[in-house]
Amino acid sequence: MLALTELGQRLRQERESKGLSLEDLQKLTKIQKRYLLGIEEGNYEVMPGKFYVRAFIKQYCEAIGLDTDAIFEEYKSDIPSTQTEDMPQQLSRVRSRKEIPQHTKGVSKAYDYLPTVLVVAGVVVVGIIIWVIAQNIVSDKNKEQANQEAPNSEVQQSNTQEETNETTAKNDNSKSEDEQSAADKKEQEKEKAEKEKAEKEKKDSGKQEYKEVQKTGRSATYALSGTDAFNLEVTSTQADTWLDVKNGKGNAFFSSILKKGETKEFDLTKETEARVNIGYSPGVELKVNGKAVDLPFDSSKQVRQVVTIQYQPAEAQ
């Protein structure tokens, strides 16, 4: 085991404070676990090259919410230098050479089982055909038996038909009245809901305002006004991302991984400010009071983004 560098100690402490394992970080960054471990131990010899050392450290920092520029400046003695400081915002995912033989082997193995699969499929098809034929034979026998019994039941059916018709008529009338009553009630409830919705939309229409106040680096500040509610929704549609939501006093509402396809909702009506720290912004969607709002920066150029929302209730204005 190699001795940790100061940078490696800092990164590992920050990762563990977020409750993230190396496996979690591997899922977030798509960087192999052995490279992440190499960064923490300062063992850069396992990396493909010096450029990848700096690129992997940058992506590691962004995934756990650290300021990359500050980290590179503070620990520049621990980080190998390259001829250029320009690094891509989104690193091409590293694939191990071992994965390619395994994939090829899996395909070859599938072809080995193909004859067996075809035989089983043929047996299933034959079984289905036999079952259909058997069902048709049974159905024909039932029809023949029903035709033989029909004359014996005609007299009884004639005697009870009038009673049946009378009972059916009464039941139909009762059912019709109940269905009409239920339909009327449902229609009234629908009209009431539409009326309430229209009144609410009319009341809120044009009042809510969400405007940019300041933008710098990877951080932006917005002002929310003209509404008596502050509800925030955050959804990640493309990949897992680190999400940290705090109020103006630094109290955390959520600080963990937001899974792909997952949505988190926050009622921040009692707060005057909320800070949303997004570790991996591609595919992340924000909604304020049910209305979609754009992220402040192009996610293909700025992966990590911090959005601060200052809220002033309408009644206080």
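Two strands count as paired when DSSP finds at least two bridges between them, and that idea will be needed at several stops on this tour of a predicted model.

**The whole chain**

Begin with the entire protein chain in a cartoon view, where the secondary structure comes to six helices and ten strands. Of the 317 residues in the chain, 31% are buried, and the accessible surface comes to about 21100 Å², with 49% of it belonging to carbon and sulfur atoms. If you display contacts between residues at least 6 apart in sequence, 68% of them join residues at least 24 apart.

**The helical core**

Next, select L7, L11, I39, I57, Y60 and I64, which touch the most other members of the largest nonpolar core, a set of 26 residues. Colouring the helices α1 (6–17), α2 (22–29), α3 (33–41), α4 (50–64) and α5 (68–74) will show where this core comes from, since each of them supplies at least two of its residues. The largest share, seven residues, comes from α4. Now centre the view on L11 and, setting aside residues up to four places away in sequence, look for its contacts with I39, Y60, C61, I64 and L66. A second, separate core of 24 residues can be picked up by selecting L243, V288, V307 and Y311, which are among its members. In soluble globular proteins, nonpolar side chains tend to be buried together.

**Strand β8 and its partners**

From V288, move to strand β8, residues 284–288, and show its side chains: V284, L286 and V288 form a covered face, whereas E285 and K287 form an uncovered one. In a regular strand the side chains alternate between the two faces of the sheet.

Add strand β3, residues 231–236, which runs antiparallel to β8 and is joined to it by five bridges; here S236 has V284 of β8 as its bridge partner. Then add strand β9, residues 291–293, which pairs with β8 in the antiparallel sense over three bridges, and find K287, whose bridge partner in β9 is A292. Between β8 and β9 the hairpin has two residues, and N289 takes a positive phi near 55°.

**A last stop at T308**

Finally, select T308, which lies in strand β10, residues 305–311. Is T308 buried or exposed? T308 counts as buried because its relative accessibility is 13%, and the cut-off for buried is under 20%. To see what surrounds T308, leave aside its neighbours within four places in sequence and display A220, T221, Y222, E273, A274 and R275, with which T308 is in contact.

Terms used:
Residues numbered from 1 in each chain as written. Predicted model: local features only at pLDDT ≥ 70, side-chain atom pairs only at ≥ 80, totals over all residues. Heavy atoms only, no water. Core = buried A, V, L, I, M, F, W, Y, C linked by side-chain atoms within 4.5 Å. Buried < 20%, exposed > 50% of the residue type's maximum accessible area, 1.4 Å probe, protein only. Helix = DSSP H or I, 4+ residues; strand = E, 2+ residues; numbered from the N terminus. Contact = heavy atoms within 4.5 Å. Areas by Shrake-Rupley, 256 points an atom, 1.4 Å probe, with all protein chains shown as cover.
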